[in-house]
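Hi there,

Here is the structure I promised to pass on. Have a look at it first, and my notes follow underneath.

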Amino acid sequence: MKFNLKSDYEPKGDQPTAIKELVSGIKNKDKYQTLLGVTGSGKTFTVANIINEVQKPTIVLAHNKTLAAQLYNELKELFPENRVEYFVSYYDYYQPESYIPSKDQYIEKDAQINESLERMRLATTASLSQRKDVIVVASVSAIYGLGDPKDFVKMGFEIKVGEKIERKKLLTKLINAQYERNDMELMSGRFRVKGDTIDFVPSYGQNTIRIEMFGDEIESMKEIHKVDSKIIDSMNYLYVYPAKHFVMPESKIKQAMKSIQKELDKRLPELDIVEAQRLKQRTLYDIEMIEETGFCKGIENYSLHFENRKSGEPPFCLLNYFPENFLIIIDESHQTLPQYKAMYKGDRSRKQNLVDYGFRLPSALDNRPLKFEEFEKILEKNQTIFVSATPAEYEITKSNKIAEQIIRPTGLLDPVVNVHPISGQIEDLKNEIQQTIKKGFRALVTTLTKKLAEELTEYLSKQGIKTRYLHSDIETLERTELIRQLRLGKFDVLVGINLLREGLDIPEVGFIGIMDADKEGFLRNTRSLIQIIGRAARNSESHVTLYADKMTDSIKQALKETNRRREKQIRFNKEHNITPKTIIKKIREKEVDIKDTKHIPKGDIPKMLINIEMDMRAAADNLDFEEAIKLREKLLNLKKRIEL
């Protein structure tokens with residue numbers, strides 16, 4: 001299928017010019033281009049139009065899960081007929097395997113996998129393996145080892161109605177593709193067997209596939225709804241992709257086992273007795289598990305052997321699943337690229353101790369993210385567009401063309417920015433927030449430290465202002481739900497540290513307060529300040545206050561750039577007789593419940609306990625026990641917070 005952009009809007013402001021320039025650059029085979037687009041100028045819509053024009057499989061790289069989730073939702077709405085996928089880390093909680101020599105302390109890997117995110121990752125690679133009209137929104141996970149894409153396709157298999165195949169052989173194929181048999185509980189990546197009926201849930205889907213056999217012939221195939229068991233579709237053909245990314249044929253497994261044993265034999269004489277015994281015991285156990293089941297805990301640490309790579313060669317990652325000549329969009333590039341540069345060294349330093357002290361073979365060092373120079377080689381083979389309101393020197397130097405998108409389609413101006421002294425900033429902030437709430441708008445407040453953010457949330461709550469704190473411990477999908485609740489007006493103020501910068505699209509925000517704006521550093525440099533100020537550029541009545549006692553170079557540069565853009569926007573509006581209008585953006589449906597309670601001020605908890613307990617009892621009376629259990633868990637979490 002071709003990409004088919006669906007939208008009620010036409011490109012406006014600077015968008016048509018930017019789209020034309022960047023599409024022209026792609027057709028002229030320019031390797032690098034930059035879209036310098038101010039906040040609220042519709043950069044995502046511009047990117048969508050470019051994808052629609054050039055018709056290339058596309059990956060959109062973002063530097064955090066919250067921004068990636070927002071981009072995914074927007075692009076999914078714009079391309080409803082095409083495959084838009086979401087590929088981020090699937091861990092809700094992740095404690096990496098590590099060893100601290102000074103304490104002689106080994107910390108085993110501990111992780112909690114989010115099944116929804118794992119399914120979306122597998123859906124991504126399945127889509128890339130079978131179609132061209134694919135847009136993937138990904139985080140830094142895109143450069144981490146993922147397994148050989150050829151094996152991923154090779155270990156899948158076809159099923160056709162009318163095909164002659166023994167039931168045992170079909171079940172063996174499912175097992176080889178890492179599907180687990182479970183006749184009691186059917187869920188993603190599992191299958192069950194009842195007579196001539198085989199039910200399984202693809203690892204990249206949610207509904208059940210039912211295969212009905214008559215002897216050794218596949219008689220029918222149906223897709224069945226996961227909840228009400230109604231038949232959604234009858235199929236004649238299906239390609240089943242593996243349940244895990246790290247899968248390989250038996251021939252490769254045997255070859256890898258020999259290679260792992262060979263490395264172990266070579267490594268043992270180099271270690272002391274304790275370390276050698278430790279390494280031998282673990283490795284032999286892993287070999288036995290892989291031979292018996294095709295899998296072991298931490299199998300990714302042997303990826304060098306399974307992929308038949310030489311030490312130092314780049315691992316396979318998500319980018320290798322794309323066909324040749326795809327389009328790379330690096331969103332908020334001034335943040336994303338430095339993050340990608342840092343990944344390899346951080347990963348290496350942790351694993352080196354594991355290797356030195358006998359917890360892992362040296363080949364574990366090759367289970368790693370791409371080095372930045374390896375990532376650059378992939379960029380060189382394809383075409384890249386950097387997207388940022390504040391591109392860094394790297395993007396500017398690399399780019400063949402820089403397309404500016406200063407004029408917003410709505411005619412909105414960059415916000416008015418005031419500078420107020422730090423003395424009395426809390427009282428001033430409270431007054432600003434109260435005035436904003438009276439107008440029916442919301443407020444964002446950004447602080448420098450976690451402690452100040454928590455204390456400020458508690459203070460504002462005690463003043464009768466409905467406030468929440470965007471905590472870094474809150475799960476990815478729950479953060480987007482918190483932002484949705486802010487937009488709905490369930491609370492009026494959101495306080496955070498670094499989470500309130502790039503990519504937050506909240507038209508209801510009428511005021512932003514930046515605390516300690518004169519404390520120059522990563523969170524208060526020119527780019528950071530411009531980005532934070534930009535969060536207020538989606539509302540025609542919004543303004544920003546910087547709380548500072550001195551005019552730092554960063555503040556001066558940020559104000560200068562904001563004023564330059566504002567003057568250009570005012571001039572354009574006068575020439576075209578445009579009145580700025582606040583962006584109207586649909587609020588999406590609820591997708592997840594927020595289980596965490598860290599964002600709720602302690603002062604709000606007593607009243608909430610009463611309401612939750614009433615709702616819990618009502619749910620129990622209505623025999624809705626699942627809802628009652630959820631409310632009880634929330635009740636217990638809130639009570640724990642008060643006790644703490």
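Contact here means heavy atoms within 4.5 Å. Please keep in mind that this is a predicted model.

With that in hand, let's start inside the protein. Leaving aside residues up to four places away in sequence, Ile211 touches Ile159, Leu170, Asp196, Thr197, Ile198, Phe200, Ile218, Ser220 and Met221. Ile211 also belongs to the largest nonpolar core, a set of 56 residues. Together with Ile59, Leu318 and Phe375, Ile211 is among the residues with the most contacts inside that core. There is a second core, separate from this one, with 35 residues, including Ala18, Leu35, Phe79 and Leu117.

Next, helix H10, which covers residues 333-356. Does its length fit its residue count, and what would you expect for the span? At 1.5 Å a residue, the 24 residues should span 34 Å, and the end C-alpha atoms are 36 Å apart, which agrees. H10 has a kink of about 30°, centred on Ala342. Buried residues in H10 include Tyr340 and Met343, on either side of Ala342 in the numbering, as well as Tyr344, Asp347 and Lys351. Also buried is the run from the start of the helix: Ser333, His334, Gln335, Thr336 and Leu337. After H10 comes Gly358, which has a positive phi, near 80°.

Now for the charged side chains. The count of salt bridges comes to 36, and three of them may interest you:

- Arg267 pairs with Glu270, with the closest N and O atoms 3.0 Å apart. Arg267 counts as buried because its relative accessibility is 13%, and the cut-off for buried is under 20%.
- Lys519 and Asp516 meet through their side chains at 3.9 Å, N to O. Lys519 is partly exposed at 41% relative accessibility, whereas Asp516, at 13%, counts as buried.
- Arg565 and Glu561 form a salt bridge at 2.7 Å, N to O. Both residues are buried. They sit 4 residues apart in helix H17 (residues 553-576), so about one helical turn separates them.

The Arg565 and Glu561 pair is also part of a network of salt bridges that links Glu404, Glu561, Arg564, Arg565 and Lys568.

Happy browsing, and write back with any questions.

Best wishes

How values were computed: Residues numbered from 1 in each chain as written. Predicted model: local features only at pLDDT ≥ 70, side-chain atom pairs only at ≥ 80, totals over all residues. Heavy atoms only, no water. Helix = DSSP H or I, 4+ residues; strand = E, 2+ residues; numbered from the N terminus. Expected span 1.5 Å × (residues − 1). Bend = angle between axes of the 7 residues up to and from the residue. Buried < 20%, exposed > 50% of the residue type's maximum accessible area, 1.4 Å probe, protein only. Core = buried A, V, L, I, M, F, W, Y, C linked by side-chain atoms within 4.5 Å. Salt bridge = Lys/Arg side-chain N within 4 Å of Asp/Glu carboxyl O.
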